[in-house]
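Visitor: Let's zoom in on one part of this model. Please take me through the salt bridges and then the strand pairing beside them, with the cut-offs spelled out.

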Amino acid sequence: MSRILVTAATGQLGRLVVAKLLETMPADRIVATARNVKKAAGLGVEVREADYGKPEMLDAALHGIDQVLLISSSEVGCRVPQHRNVIEAAKRAGVRLLAYTSVLRADTTELLLGVEHRETEVILRESGVPVVFLRNGWYAENRAMSLPAALKRGQLPGCANDGRFSWAARVDYAEAAAAVLTTEGHAGRIYELAGDEGQTLSEFAAEVARQSGKPLAYRDMPEADYRALLTGAGIPDQFAELLANSDAVASRGGLFDDGRQMSRLIGRPTTPLAAVVSEMVKG
């Protein structure tokens with residue numbers, strides 16, 4: 001009986017993947033890892049303690065595992081050695097498939113976030129472990145954290161100009177990962193995963209305004225000014241740089257994709273932006 005392991009299972013994506021797997025397979029075939037196992041108590045599957053930065057824990061965590069979903073580390077700047085630890089443990093464990101959550105067009109993207117993903121993909125290719133790349137596009141929920149302040153001011157700032165984001169909901173990406181882990185024929189594949197439709201930040205702001213009943217307009221500004229605005233709001237310098245860079249890349253088409261690989265993989269249209277905005281506004 002093959003067993004599937006989902007790493008970082010207490011994170012927002014990991015929890016959703018576990019839930020999607022439980023819809024189609026018994027719980028005893030699913031294993032989750034977490035740095036803090038207490039936070040994973042409600043997942044409904046076996047939980048093993050593991051930390052990407054502690055390789056001595058990983059062999060036990062991957063024992064008896066056939067397929068792994070390696071959800072990329074949240075520790076920007078430390079990702080490559082952490083990912084390497086998991087990859088090497090997966091090789092020692094004889095894992096038959098490792099799915100890695102990368103970023104849209106990782107091999108060519110101008111995203112600063114893309115650097116560590118690109119390096120991880122190289123390590124995976126050289127590892128000899130059968131691999132599938134899940135190159136996730138932009139999460140529609142990424143903008144949610146800025147909405148309360150934006151609605152208060154009546155302005156949504158950014159530096160994406162009229163660039164289109166092929167947003168998809170986090171649950172769409174989770175369902176895509178679950179589909180790859182539960183069906184055959186994915187080893188060696190690269191999936192560029194994105195929403196079916198693309199929207200500009202102006203269109204996003206208009207949808208938020210419509211659903212919230214509050215005025216909201218997109219305010220475009222130079223990348224440096226947007227970065228300064230973010231740091232002035234208390235966002236750490238490195239994170240502010242990543243956010244501003246992401247918008248700037250979007251302004252040049254770097255976060256738009258119309259290949260619809262995601263909807264084909266999950267067998268349904270991706271979640272409409274209006275539905276995601278509805279959840280944001282409620283929250």
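Guide: A salt bridge here is a side-chain nitrogen of Lys or Arg within 4 Å of a carboxyl oxygen of Asp or Glu. Bear in mind that this is a predicted model, where local features need pLDDT of at least 70, side-chain atom pairs count only at pLDDT 80 or more, and totals for chains, interfaces and linings use all residues. Residues are numbered from 1 along each chain as its sequence is written, and side-chain values use heavy atoms, with hydrogens and water left out.

By that rule there are 19 salt bridges. Let's start with glutamate 121 and arginine 125, whose side chains meet at 3.8 Å, N to O. They sit four residues apart in helix H4, so about one helical turn separates them; helices (H or I, at least four residues) and strands (E, at least two) are DSSP runs numbered from the N terminus. Glutamate 121 is buried at 2% relative accessible area, while arginine 125 is partly exposed at 48%. For those words, buried means under 20% relative accessible area, exposed over 50% and partly exposed in between, using a 1.4 Å probe and protein chains only.

Just ahead of H4 in the chain there's another pair: glutamate 110, in the loop between E5 and H4, bridges to arginine 252 with the closest N and O atoms 3.0 Å apart. Arginine 252 lies in the loop between helix H9 (237-251) and helix H10 (261-266), 142 residues away in the chain. Glutamate 110 is partly exposed at 47%, and arginine 252 is exposed at 52%.

H4 (residues 114-127) also belongs to a right-handed β-α-β unit with E5 and E6. Right-handed means that, with the strands pointing away from the viewer, the path from the first strand over the helix to the second runs clockwise. Strands E5 (residues 97-103) and E6 run parallel, joined by six bridges; two strands pair if DSSP finds at least two bridges between them. Within that pairing, serine 102 has arginine 135 as its partner in E6.

E6 (residues 131-136) also runs parallel to strand E8 (residues 190-193), with four bridges between them, and leucine 134 stands opposite tyrosine 191 in E8. As for its surroundings, six of the six residues in E6 are buried. Val131, Phe133 and Arg135 lie on one side, Val132, Leu134 and Asn136 on the other, so both faces are covered.
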